[in-house]
Each structure stands twice: as C-alpha cells, then as structure tokens.
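Me: Could you walk me through this protein, one question at a time? I am new to it, so plain answers would help.

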Amino acid sequence: MKNADDYTKWYGYTKTSALLKQAGDAQYNYVETIFPWPYSNRDMVYRMSVNVSANGIVKILLKGIPDYVPEKQGIVRMKKAEGYILLQPIDGKTEVTYVFHSEPGDNIPPWLANNSIAELPFRTLYGLRKMLNE
C-alpha cells in the first residue's frame, strides 16, 4: 500500500502514480486518474498516513492536497478528495473497509461520476487481492 509507484498495477483507474515525498509517518503520492473521453483525466497529490492500533487494526488515511504541485496541462486537478482504508483482523482473516469521497470538478455528469464511484472500490480491491496472491 505504501508503494505508490506500483498503484497502476492494482488501484482502479490509475494511469500514473509516484511517491513524491516521505515525511515521518506520512507520504505524499501523486496519482493521475483515468476518465473516459470526452473528459480529461484528473489528478491529485494525496497525503497518506498509516495508523496501527495495539489490537492490529490498520487505518490508512488519505487526504487530497490540491495545491501541493503545479497543475499539468490537459489534466484537471480535483479540488477535494479524502477517505480511508481500514484493515481489521477477524478470525484469521482481514476485513477491508474502503471509504472515499472526491469531487472531480469540471461539470462531470452525475451518471458518469456515480458509475465510476461504484466501480472504483471493486476494481481497487480486486486488483489488490490479485497482486497479493501473486
């Protein structure tokens, strides 16, 4: 999860990704998200921090920082994005909870945004599971 350079291999709709900075408990990751034609791709820098509790619960916090790097031509910067991934050990397995909210901007029709929102967690968790099994 911390290897931002490999997000394109498993994180849904990710075109490019890179670790920009590691600062103590937090890291700053650049992610470009694929959007269908005729819309431009979106991007954001995410501050990611990992909190591990004594009972083995891991919470990965994600907070978009829209002004961390200059905007790129042809890519729309999202103005808001935040959420978390919660990993909880339960009976020898790991329950994964993925909560995320973003505002893609640029007058994306609700039907398109909602379709992507519904599909993104599935693609991401499927990709993560596939990568872990390899």
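Reply: Gladly! Helices and strands here are DSSP runs, numbered from the N terminus, with at least four residues for a helix and at least two for a strand. Please keep in mind that this is a predicted model.

Me: In what order do the elements of the protein run from the N terminus on?
Reply: The protein has one helix and seven strands to place. Reading from the N terminus on, the order is β-β-β-β-β-β-β-α.

Me: How compact is the protein for its length?
Reply: The globule rule gives 14 Å for 134 residues, and the radius of gyration of the protein is 15 Å. Those two values are close, so the protein is as compact as a globular protein of that length.

Me: How are the ring planes of Tyr 11 and Tyr 98 arranged?
Reply: The two ring centres lie 6.3 Å apart, and the cut-off for a pair is 6.5 Å. Their planes stand at 90°, while anything over 60 degrees falls in one class. The pair of Tyr 11 and Tyr 98 is therefore edge-to-face.

Me: How many residues apart in sequence are the parts that this pair of Tyr 11 and Tyr 98 ties together?
Reply: Tyr 11 belongs to the segment before β1 (14-23), and Tyr 98 to strand β7 (residues 93-103). Both Tyr 11 and Tyr 98 are buried. The parts they tie together are separated in sequence by 87 residues.

Me: What kind of aromatic pair do Tyr 46 and Phe 100 form?
Reply: From centre to centre these rings are 6.0 Å apart, with 55° between the planes. Stacked needs under 30 degrees and edge-to-face over 60. The pair of Tyr 46 and Phe 100 is tilted.

Me: Is Phe 100 buried, partly exposed or exposed?
Reply: Its partner Tyr 46 has a relative accessible area of 11% and is buried. For Phe 100 the value is 26%, and buried means under 20% while exposed means over 50%. Phe 100 thus counts as partly exposed.

Me: Which residues do ring pairs link into a cluster?
Reply: The protein has eight aromatic pairs by this rule. Ring pairs join these residues into a cluster: Tyr 7, Trp 10, Tyr 11, Tyr 46, Tyr 98 and Phe 100.

Me: Over the ring of which residue does the charged end of Arg 42 sit?
Reply: A charge can sit over a ring as well; Lys 59, for example, lies over the face of Tyr 84, at 4.3 Å from the ring centre. The charged end of Arg 42 is 4.7 Å from the centre of its ring, which belongs to Phe 35.

Key:
Residues numbered from 1 in each chain as written. Predicted model: local features only at pLDDT ≥ 70, side-chain atom pairs only at ≥ 80, totals over all residues. Heavy atoms only, no water. Buried < 20%, exposed > 50% of the residue type's maximum accessible area, 1.4 Å probe, protein only. Lys NZ or Arg CZ within 6 Å of the ring centre and 35° of its normal. Rg over C-alpha atoms; globule rule 2.2 N^0.38 Å.
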